[in-house]
Amino acid sequence: LRIFNQHFRMVLAQTSHAEKSGDHAFMTAMPDYAIEVEGLTKLYKGANGEKLALDNVSLKIPRGSFFALLGPNGAGKSTFINILAGLVTKTSGTAKIWGYDIETQMRPARCSIGIVPQELNLDAFFSPRQAMELQAGLYGVPKSERRTDEILAALGLSDKADSYSRSLSGGMRRRLLVAKAMVHNPPVLVLDEPTAGVDIELRQQLWAYVKELNKAGVTIVLTTHYLEEAEELCDEIAIINKGNVIAHEDKRSLLRRIDHKTLVLTVKNDLNAVPDVLAPWGAELKAPNQIALNYRPSNTQMAEILNAIQGSGLAITDLSTEEGDLEDIFLMLTRDNDKARAGKAA
C-alpha cells in the first residue's frame, strides 16, 4: 500500500506536468476514464419483494473532469457510489476505477478513490487530527508523507484539529469527511452531497479547495441537490432517474436543450398596453414599465427583435435576458422520463 500510494502521488504530479507540457507519450499511458461502468445493475431483494436500484447503467467519466451525477431522491446515485466504494455488491455488470476492476483488482481500485459519504460517520471521541492520522495509517501512508495539517488548514479546520469531533458543527463534520477522503491522495474524489448543512462562507472555502484539486489533476465526481453548484462547477453532467441514466452530456450541450429565452425591457414611461409590433413574441406587461418578450433562439435572431423594439418608439432604460438553467433541464428530463415509464407500464 505504501508503494502504491507513492506511485499515485507521482502519477498525479506527472499527469499535471504532462498536460501543461503537452507530453502526449505519457498521457497515452494514463487511463482515459477515471470511472468506467458497463451494464451495472443492482437488484435488492427483501421481504417486500425486489427493487431495481440500478438498471443496466453504462457511464464513462473522463480523467481530470469535474463531473456531476444528478438525480432525484431514490434515483440510484447512492447505490452507484456505494458499489464503487465496495459497500454494496453489484448484481451484474462491470466497474473500473482508474482502470482497475473493482472485483478482480480490488485493492488498487479502492486506493484509487476517495469517498465523501452523505452520512456523518465520524467517531465522536476522535479529534480531526486523530481521525486523519488513523485514516492515513489504514491506507499505508508513511508519517513523513502525511499532509494532515495541510489538509485541515485548507478546509478551515486548523483551530478545531484537537477538539473532539462531537463538538464540531454539522458543516465542520462534513468538511472533516472531505479531509479524511483525501489523506491517501486518490486520483478520484467522489463527493456525495458535500455541502448539505454547510453555511455559505464555508461552502465557498470548500469549493475553492476542490477546484484546486481538480486543477492538479484529481477527477471530481459530485452529487448534489444544489443544482446551481453543479451548473457553476462541473464541465460534464449525467442525470439518473429510477436507476436509468437519462442524460449524459457536457454542460453546454445539456443547457442548449432549453430552447427558450425571455427578453425583459424596462421603459421610461408607464404603459397601458404592449405595442402591436412586439406581438409576434408573445409580449406582455410584467409591470407598468416592463415588457417581457418570449422567443426561441433556434429560430429567432436577436437583431430581428431589436429592430422591432427600435420601431416601436419606446424609450428603453434597461434591457436584460432570462434563460433556462440546469434546474429547468433537470425537471424537464425527469418528468419526461417518468411519463415515458408510466406509458410503457400502461
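**Exercise 1. Leaving aside its neighbours within four places in sequence, which residues is Ala161 in contact with?**

Some ground rules before the solution. This is a predicted model, where local features need pLDDT of at least 70 and side-chain atom pairs count only at pLDDT 80 or more, while totals for chains, interfaces and linings use all residues. Residues are numbered from 1 along each chain as its sequence is written, and side-chain values use heavy atoms, with hydrogens and water left out.

Step 1. Find the spot: Ala161 sits in the loop between helix H6 (148–154) and H7. Helices (H or I, at least four residues) and strands (E, at least two) are DSSP runs, numbered from the N terminus.

Step 2. List the partners. With contact meaning heavy atoms within 4.5 Å, Ala161 touches Ser127, Pro128, Arg129 and Leu152.

Step 3. Check the burial. Ala161 has a relative accessible area of 2%, so it is buried (buried means under 20% relative accessible area, exposed over 50%, partly exposed in between, with a 1.4 Å probe and protein chains only).

Step 4. Try a C-alpha distance: Ala161 and Met132 are 29 residues apart in sequence and 9.6 Å apart in space.

**Exercise 2. Take stock of the chain as a whole.**

Step 1. Count the elements: the chain has twelve helices and 14 strands.

Step 2. Look at the extent. The C-alpha trace spans about 75 × 55 × 50 Å along its principal axes.

Step 3. Now burial and contacts. Of the 346 residues, 47% count as buried. Take the contacts with a separation of 6 or more, and 70% of them come from residues 24 or more positions apart.

**Exercise 3. Map the nonpolar cores.**

Step 1. Get the term straight: a nonpolar core is a set of buried Ala, Val, Leu, Ile, Met, Phe, Trp, Tyr and Cys residues joined through side-chain atoms within 4.5 Å. As background, nonpolar side chains in soluble globular proteins tend to be buried together.

Step 2. Go to the largest core. It has 46 residues, and Leu70, Leu189 and Leu191 have the most contacts inside it. Helix H7 (residues 170–181) gives the largest share of this core, six residues.

Step 3. Pick out the other one. Apart from the largest core lies another, of 28 residues, including Ile35, Leu69, Ile83 and Ile113.

Step 4. Zoom in on Leu191. Leaving aside neighbours within four places in sequence, Leu191 is in contact with Val116, Val178, Trp207, Val210, Ile220, Val221, Leu222 and Thr223.

**Exercise 4. Describe the largest pocket and the helix that gives most to its lining.**

Step 1. Define it. On a 1 Å grid over the protein atoms alone, a pocket is an open set of points where a 1.4 Å probe fits, with protein on both sides within 12 Å along at least five of seven lines; lining residues have an atom within 4 Å of a point.

Step 2. Size it up: the volume is about 500 Å³, counted as the space filled by probe spheres set on the points, which are joined across faces, edges and corners.

Step 3. Walk the lining. It has 20 residues, and the closest to the pocket centre are Ala85, Leu87, Ile115, Pro117 and Asn121. Helix H3 (77–85), strand E6 (113–116) and H7 each give two or more residues, with the largest share, four residues, from H3.

Step 4. Sort by class: nine nonpolar, seven polar and four charged. Here Ala, Val, Leu, Ile, Met, Phe, Trp, Tyr, Cys and Pro count as nonpolar, Asp, Glu, Lys and Arg as charged, and the others, Gly among them, as polar.

Step 5. Check H3 itself. Seven of its nine residues are buried, namely Lys77, Thr79, Phe80, Ile81, Ile83, Leu84 and Ala85. Just after H3, Gly86 takes a positive phi of about 85 degrees.

**Exercise 5. Compare Asn56 and Glu193: which is buried and which exposed?**

Step 1. Start with the backbone. Asn56 has a positive phi of about 55 degrees although it is not a glycine, and Glu193 also has a positive phi of about 55 degrees without being a glycine.

Step 2. Place them. Asn56 lies in strand E2 (residues 49–62), whereas Glu193 is in the loop between strand E7 (188–192) and helix H8 (200–215).

Step 3. Read the accessibility. Asn56 is exposed at 52% relative accessible area, while Glu193 is buried at 7%.
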